[in-house]
Amino acid sequence: MKQSLLLKKALLCGNSSGFLKIAFILSLFAVLSCGAEVKSLGPSGSACVRIEGLPGPEDLALDAEEKILYVSSHERRISDQTGKIFWIDLKNSSVPKELPVQFPPEFRPHGMSLLKTKGTYRLYVISHPTLYKKHTVEIFERKGKDWSHVGTLTDPLITSPNDLHAVSENEIYVSNDHGAGSFLRYLLWDDLFGFKRADIAYYNGKTWSNLNNPLSYGNGILHVKDSQGKEFLYRSGFTDRSVFRFPIQRQDGNPVLGPAETIFLDSGTDNLELDSNGRIFVVGHPSTYKFIRHMLNEDYPAPTQIFRINQNGKFDEIFATSGDLISAGSTAIPFEGRLYVAQVFNPFILNCEYKND
């Protein structure tokens with residue numbers, strides 16, 4: 001999921017003591033239920049194949065025109081591991097290839113957004129160079145077939161970035177999953193008691209600002225303009241088990257968020273993706289307990305759900321697995337009769353048959 005890279009890694013990194021690790025696990029187990037059983041739904045068996053060789057493929061970005069799928073990959077179960085971006089040519093091959101670029105030092109990719117306009121072709125990727133201390137948005141640009149790392153964005157308002165959406169070079173929305181703080185503040189305090197400190201950071205091309213509306217655990221984020229030209233910002237609230245839909249008004253060109261509509265899914269919501277029909281696909285984690293258990297041991301599966309949200313706010317569950325097909329899924333993208341499903345930890349994405357009705 002995007003269950004904060006920080007949550008996922010805190011138990012693994014050397015800067016937290018064994019006592020804190022155990023205390024965190026026991027505290028969470030004391031307040032979390034095991035979660036309901038998940039009944040399988042949607043494609044399964046031979047209708048799904050794995051695309052292997054992708055450690056921790058947490059986020060996906062699709063270039064529908066060129067039929068390329070980009071993958072944010074990072075092995076999160078091994079402390080001090082760095083990551084990469086891969087790409088898959090959906091026209092000719094299912095073999096992932098490393099993006100041909102020099103990655104910045106201590107690159108630990110997380111959420112990702114593809115910006116493709118007439119003049120630019122860019123990937124904006126969240127990275128966590130120093131856990132709890134330094135977070136960045138790394139910018140990769142393609143000219144012709146050549147990729148290069150062209151910039152880094154950082155700001156104190158990027159407290160714990162989980163996902164982002166680049167609408168343009170001068171309009172970037174970043175969803176934090178926590179406010180600023182140490183291991184104790186992030187996990188043993190905020191997560192247990194549900195304090196709402198996870199804000200939305202906004203970049204207008206020059207400066208950063210806070211769009212407020214904090215959650216206790218922010219996750220996926222997506223800017224959408226509907227068929228009437230109205231703007232909305234969708235944001236996943238993992239702890240709230242919901243997706244929030246904010247109407248956007250403009251003041252001096254900058255977005256102002258109106259009161260949110262709550263779309264309650266009763267599942268820990270993760271990344272958000274838009275399909276060609278204007279519907280939003282969101283992955284859910286029905287059991288936080290099983291997610292954490294899977295984080296600690298790959299042999300314990302964690303359930304995954306996928307929901308499809310219509311523009312009117314109504315939704316359908318289109319996919320569910322107890323973890324036998326994929327565990328702790330994070331992103332789902334439909335494309336040309338297939339559904340591509342990413343996950344937080346295990347080293348493959350799922351490629352399933354899908355009727356986009």
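Colleague: What relative accessible area does glutamate 66 have?
Modeller: Bear in mind that this is a predicted model, with residues numbered from 1 along each chain as its sequence is written. Local features need pLDDT of at least 70, side-chain atom pairs count only at pLDDT 80 or more, and totals for chains, interfaces and linings use all residues, while side-chain values use heavy atoms and leave out hydrogens and water. On the accessibility scale, buried means under 20% relative accessible area, exposed over 50%, and partly exposed in between (1.4 Å probe, protein chains only). Glutamate 66 counts as partly exposed, at 25%.

Colleague: How far apart are the closest N and O atoms in the salt bridge of lysine 116 with glutamate 66?
Modeller: A salt bridge here needs a side-chain nitrogen of Lys or Arg within 4 Å of a carboxyl oxygen of Asp or Glu. Lysine 116 and glutamate 66 make that cut, with their closest N and O atoms at 3.3 Å.

Colleague: And how many residues lie between those parts in sequence?
Modeller: Elements are DSSP runs numbered from the N terminus: helices are H or I with at least four residues, strands E with at least two. Lysine 116 sits in strand S6 and glutamate 66 in the loop between S2 and S3, so the parts their pair ties together are apart in sequence by 50 residues.

Colleague: Which lysine does glutamate 65 meet in a salt bridge?
Modeller: The side chains come together at 3.2 Å, N to O, and the partner of glutamate 65 is lysine 116. Glutamate 65 is in the loop between strand S2 (57-63) and strand S3 (68-74), and its partner is in strand S6 (residues 109-116), so parts 51 residues apart in sequence are tied together. Glutamate 65 is exposed at 66% relative accessibility, while at 31% the partner is partly exposed. So the residue you want is lysine 116.

Colleague: Which residues are linked in a network of salt bridges with Lys116?
Modeller: By the rule above, the count comes to 19 salt bridges. Besides Glu65 and Glu66, the network with Lys116 takes in Asp63 and Arg142.

Colleague: Arginine 122 and glutamate 141: buried or exposed?
Modeller: These two form a salt bridge, with closest N and O atoms 2.7 Å apart. Arginine 122 lies in strand S7 (residues 121-130) and glutamate 141 in strand S8 (residues 134-143), so the pair ties together parts 19 residues apart in sequence. Arginine 122 and glutamate 141 are each buried.

Colleague: Which cysteine does the disulfide join to cysteine 48?
Modeller: A disulfide is called when two cysteine sulfur atoms are within 2.5 Å, and the structure holds one. The S to S distance is 2.1 Å, and the torsion about the S-S bond is about 110°, so the disulfide is right-handed. Cysteine 48 is in strand S1 (residues 48-52), and 304 residues away, in strand S25 (residues 348-353), is its partner, cysteine 352.

Colleague: How much accessible area does the nonpolar patch of Trp189, Phe193 and Phe195 have together?
Modeller: Patch members have over 30% relative accessible area and no salt bridge; like charges are joined within 9 Å and nonpolar side chains (Val, Leu, Ile, Met, Phe, Trp, Tyr) within 5 Å. Areas are Shrake-Rupley values with a 1.4 Å probe, and for residues only the protein chains shown count as cover. Tryptophan 189, in helix H3 (residues 183-193), is partly exposed at 42%. Together, the three residues of this surface patch have about 330 Å².

Colleague: By how many degrees are neighbouring strands turned, on average, in the sheet S10-S11-S12-S13?
Modeller: Two strands pair if DSSP finds at least two bridges between them, and these four form an open antiparallel sheet. Strand S10 (161-168) and strand S13 (208-210) are the edge strands, each pairing on one side only. Axes are lines fitted to C-alpha atoms (for helices, over the stretch in contact), and angles run from 0 to 180 degrees between N-to-C directions. With direction ignored, the average turn here is 20°.

Colleague: Which residue stands opposite threonine 304 in S22?
Modeller: The strand order S19-S20-S21-S22 makes an open sheet with antiparallel pairing. Strand S19 (268-274) and strand S22 (315-321) have a single partner each, so one side of each is left without a neighbour in the sheet. Strand S21 (residues 304-309) pairs with S22 over six bridges. Across from threonine 304 is threonine 321.
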